[in-house]
Amino acid sequence: MTQIARITNLVDAMTLAEQVSLLSGADFWSLPAIERLNVPKLRVTDGPNGARGGGSLIGGVKSAAFPVGIALGATWNPDLLREIGGALAEEVKSKGAHVLLAPTVNIQRSQTNGRNFECYSEDPILTAELAISYITGLQAQGVAATIKHFVGNESEIERTSISSEIDERSLREVYLVPFEAAVKRANTWAVMSSYNRLGGIFTSEHAWLLNTVLRGDWGFDGVVMSDWFGSHSTVETVNAGLDLEMPGPTRDRGAKLIAAVEAGEVSAELVRERALNVLRLMARTGALEDHSEWAERADDRPEHRALIRRAGAEAAVLLKNDGVLPLVGGKLAVIGPNAKVAQIMGGGSAQLNAHYRVTPYDGLVAAGVAVEYAYGCDIGKFQPVLPGPLKMEMFFNRELAGQPAAVDELPEATGFWFGPLKGGVDAAHFSARISTRFEATATGVWRLGLRAAGLARVFVDGVDVVEAWQSWSRGTTFFEEGCDEVLADLPMLAGQSYDIVIEFASKASDTLAFSALAVGLGLPSGDAEIAEAVAVAARADVAVLFVGRDASWDTEGADLPGITLPGRQAELIAAVAAVNPNIVVVLQTGGPVEMPWLGEVAAVLQAWYPGQEAGNAIADVLLGTEPGGRLPQTFPARWSDGVTQTQDPEIYPGLDGRVRYEEGVFIGYRHADLIGVPPLFPFGFGLSYTRFELADLTVDGTEVSVTLRNVGDRSGSTVVQLYVTPVASAVARPARELKAFAKVALAAGAERRLVLGLTARDFAWFCVERRAWVVEAGRYGVEVGQSALDLPLKGVVTVAAAVLAV
Ligand code: BGC
C-alpha cells in the first residue's frame, strides 16, 4: 500500500473525536496515541543547536551542544550545515523524538533582538541556503525539521502579542524567503507559526499566510504547528490553516473543536485534512511504526565532538589582526569574564544540558599553552545562581500550608517547572520552600538577586531580605512571564555560613503556562579585579581577553538594551591595552557590538557561542587553524547607525502593540548602503590567515565566473560573494543584494575557477499589484568580492523582461 493510501485509510477509519485529538498536543512534547487504531505518539524536541529532549529547559538528559544560529550563519557553508543536520537527526533519535523544532530563520532586523543569536543572518539568501542544507541533512535521516517562526518575529518585546506591520513586498523579498526556499527546495515537513501578529492577525490564524501563501503559492503539504501557547482560537486557527495546537493538553480544541464542527463553523472535511497532515508527518518520520516507550539517551559521540569543534573554527570571524595571530609562543596571559566560563549557547528554549563545556582557558591549557590568568570584571545581567544542593519541599496549595506533598532536591537555586512534578504536584498550582546553607568565601557586601515567574521571597537567617510577592510585577525574565531581578545587598563574612530559605508560589500565568525561579548570590567585582588584570597583562608578551556577553543577555524572552559590552568590559580592555600593545580580544556575543577600543588592540576574533567545544575551537583558531567565519550580519560603528534606531518608537521597540517595519527591504547592508555610513565591519567580512585575490570575471548568460587565488603562504578559506546591482526601476531597490556565494578552501599558491549561477528571480522584485516577481529588462551589474564593501570585480548581465509566478 502506498503511504498516501495508508494514511488516507487511517484517517477515514477515525471518528471525528479521534481526528480532533491529533490536532493538539497531549503534553508539552508529544501528541496523543490512538490505541484503537494502533497510532502511536509523535514526539517533538527543541531546538536549533541540539536536541534537548523531553525534560525541562534546565537539567534534562545530556545532549550535544552545536554552534548557535549566528555561528552557523558565519560559516557560510551549506555543506557543513548538511552534516550538522545529519548529526542533529542522530541526536533527535537519541532523545526518542521524531521532529526537531528548528531551524530558526527569522531575519536579523535589529542588533538587539534577544534571539539574534538563534538566527543565521540579516540576509535572506544566506539564511535560505543554510536552512535548505540543515533541513536536507535532518530529513534525509527521517527526522522532520520545523522551520520557525513563521513570520515577522524579529524582536522579543511583547513577544506573544505584538503586531509586526510589514508590507507585502518586504515580506516576499526578505522575511518569507527562507521559508519559501525551505518549502520549495528542501520540502520541509513542518513549519511553526510565530507568537506575534502580522498586520493585526495572529500568524497562527492568518489565512493569507498559511493557506494562500504557504500552502497555495508554495505547495506546502506538511504540518503547521503553533508556537508554544501561540494558538488563541478554535475556529479561526483551524480554518486559517493551523494543523496543530501546541503544547497540550488542548486549550482551544478537543471538545471545543468538535462543537465547532457540529455548529457548522468548521467543516468536518477540514478537520480530516488537518489530521491527514499530521498522519503524513508521522509516516514521513517513521512515528507511525514507533511503538517504543519514550526513552532518552545521552550519546556523547566522538564524531559529534569533532564536527562541533570544526564548525566552531569555521564560524570564528577574524575581524582585526595586526600580525599577533596566530599565537607563536611567548608568555601568554588569559584575562576576562569569559576565559574560565564556557559561553556555549544563548538562553531560552534553545538551551540544553550539554554533555560538557570546554572553557577557553581549558582549551588553551589542553593545547599545551601555559597561561597566567586574571578574571577582570563581571559580565552577567543577573547575580550568579546560588549553588546547591537545595532541599525543595512542595505543597499542593499556593500557601505553603500543611505537610509537604513531596520533597525534591535542586542542584542549584533555579527551576523551570511545567506539567506534573514529583508526587503529582501541579506546576501551575503549588508552592515550595527551598532551603540551603551557604558559606561565604570572602568578606564583603554580597548581592542577592531574585527572579520569578510566580511569587517568591528569600529569607537569610530568618530575615526576609528580598521579595517579589506583594510587589511582584511583570518584567522581562523567563520569556516575559517573570519579574525583573529584585536585589538586596548582604554584608557577609568569609567562612561564615548563612541559612537561606526561598518561598515560592505559582501564579496564574497570562500566556505561557509554567512556573520558574532563580536566586543568585554574588560578590560584585570591582577596581581590584581590574587592577590585577592590568598587572597580569603587563607581565605577558601577549594577553588574550575573553569578553562579550552570555546567555542572560542573548536570550529568548528579552531584547538587549543596547550593543555596548555589558559591565566594565570596555574599561577593562582599555586598561590592559594601555600596558600591553599585544592585546587579542576574543568576543563572544550573539550579534554586533560597538568597539570604541578597536584602535587600541592588536586583534579581534568574534567566536559567537560555538557549542560544547567552545574553548577547543577558539584555542584552535588562536593557535593557527584557519578562522573560517565571515560576518552574516553588519556590525555598525554605532548602534544609532542601525535600521531600528530612529526616533520613532513604533519602528522599534514598538508602540501600542505594533512594530512598523518602516524601512521595508532596506535592512542590514542594504540599509548601510542607503544611508552611506560605513559600518565598523561590513556584511560578509572576515580575515584569513592567508590572503586571497580574485581576478578574470567573465559573464556567460547568467553565469558569472571568477578565478580565486590563494596568494599567501598557507592554506586557508574564504567566501566569494556575488551581489547584483539593479537597473533603473519602477520601485526603490537596494544598491546591491547578495545572490550567490561559495565557500572555498585552497592550499597556498593554489587557484580555482568558480562559476556562480544566477536565475531570473535573482533580478526580480516583488510586485504586489501583479502578485508576481517582476524582472525589468536591462543591464544589471554584478559585483564579486569578499564582503559587501570589498567588491573589486564588476561585470554586466543583460536580462530580458519577465514575470515570474509566486
Ligand atoms: C519558542 C520556540 C520553541 C518553543 C518550545 C517557544 O518559546 O519560541 O522556538 O520551539 O517555545 O520550547
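## Ground rules

A polar contact here is a pair of N or O atoms within 3.5 Å; within protein, one must be able to donate a hydrogen and the other to accept it, and residues adjacent in sequence count only if both atoms are side-chain atoms. This is a predicted model, where local features need pLDDT of at least 70 and side-chain atom pairs count only at pLDDT 80 or more, while totals for chains, interfaces and linings use all residues. Residues are numbered from 1 along each chain as its sequence is written, and side-chain values use heavy atoms, with hydrogens and water left out.

## Around the ligand

Let's start with the ligand. Three side chains reach its oxygen atoms with a polar atom: Asp46 at 2.5 Å, Arg115 at 2.8 Å and Tyr195 at 3.1 Å. The protein covers 95% of the 310 Å² of accessible area that the ligand has on its own (Shrake-Rupley method, 1.4 Å probe).

There are 13 residues around the ligand (a heavy atom within 4 Å of it), and the nearest are Asp46, Arg115, His149, Asp227 and Glu556. Sorted by class, that shell holds five nonpolar, two polar and six charged residues. For the classes, Ala, Val, Leu, Ile, Met, Phe, Trp, Tyr, Cys and Pro count as nonpolar, Asp, Glu, Lys and Arg as charged, and the others, Gly among them, as polar.

## The largest cavity

On a 1 Å grid over the protein atoms alone, a cavity is a set of points where a 1.4 Å probe fits but cannot get out; lining residues have an atom within 4 Å of a point. Grid points are joined across faces, edges and corners, and a volume is the space filled by probe spheres set on the points. That gives six cavities of 30 Å³ or more.

The ligand takes up the space of the largest one (more than half of its atoms lie within 2 Å of the grid points). This largest cavity has about 230 Å³ of space. Its lining runs to 21 residues, with Tyr195, Trp228, Ser349, Phe479 and Glu556 nearest the centre. By class, the lining splits into 13 nonpolar, two polar and six charged residues.

## The second largest pocket

A pocket, by contrast, is an open set with protein on both sides within 12 Å along at least five of seven lines. The second largest pocket holds about 490 Å³. Of its 22 lining residues, Ile125, Val177, Arg185, Arg761 and Asp762 sit closest to the centre. Two or more lining residues come from each of α5 (124-139), α7 (177-184) and β29 (737-746). The lining counts nine nonpolar, two polar and eleven charged residues.

## Backbone oddities

Most residues other than glycine have a negative phi, and most peptide bonds are trans. Two cis bonds to look at: Ala102 to Pro103, with omega about 5 degrees, and Tyr652 to Pro653, with omega near 5 degrees. Pro103 is in the loop between β2 (99-100) and α5, and Pro653 in the loop between α16 (614-622) and β25 (658-660). (Helices are DSSP runs of H or I, at least four residues, and strands runs of E, at least two, numbered from the N terminus.)

Phe229 isn't a glycine, yet its phi is positive, about 70 degrees. This residue, Phe229, lies in the loop between β8 (223-225) and α9 (235-240).
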